[in-house]
Amino acid sequence: MPKYYEDKEEDGRACGGVKEDLRQCLLESPCVLQENKSPKQCLREGHCRSLQMTFFACKRSMVSVYAVIFASGLDAF
């Protein structure tokens, strides 16, 4: 189970849990802890790639939902 379910408050934002898991993964990675690189640099080097892709997919799905709503026009509502 993802770490964000453990002792965390609901923030209510879309993709918030995946974002928190990605942040935590980067902060706990050997790249940050042992090599003293920034989380941004470690992300560019490919650390926590699966969570990064999951976060991207989540954000992309949100854009798709908005595109469908606004592409059809607001007269449908």
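The structure holds 3 salt bridges, and the model in which they occur is a predicted one. Side chains of opposite charge can pair when their charged atoms come close. One of the bridges joins E20 to R23, while K37 takes part in a bridge with E35 and also in a bridge with E45.

**The pair in helix α1**

- The side chains of E20 and R23 form a salt bridge, with a distance of 3.1 Å from N to O.
- E20 and R23 both belong to helix α1, which covers residues 16-27, and because they lie 3 residues apart there, about one helical turn separates them.
- R23 has a relative accessible area of 43% and is therefore partly exposed, since that value falls between the 20% limit for buried and the 50% limit for exposed residues.

**The network around K37**

- Between K37 and E35 there is a salt bridge in which the closest N and O atoms are 3.3 Å apart.
- The side chain of K37 also meets that of E45 in a salt bridge, for which the N to O distance is 2.8 Å.
- Through salt bridges that share partners, E35, K37 and E45 are joined into one network.

**Exposure of the network residues**

- K37, which bridges to E35 and to E45, counts as partly exposed at 29% relative accessibility.
- E35 is partly exposed, its relative accessible area being 47%.
- E45 likewise counts as partly exposed, with a relative accessibility of 38%.

Conventions: Residues numbered from 1 in each chain as written. Predicted model: local features only at pLDDT ≥ 70, side-chain atom pairs only at ≥ 80, totals over all residues. Heavy atoms only, no water. Salt bridge = Lys/Arg side-chain N within 4 Å of Asp/Glu carboxyl O. Helix = DSSP H or I, 4+ residues; strand = E, 2+ residues; numbered from the N terminus. Buried < 20%, exposed > 50% of the residue type's maximum accessible area, 1.4 Å probe, protein only.
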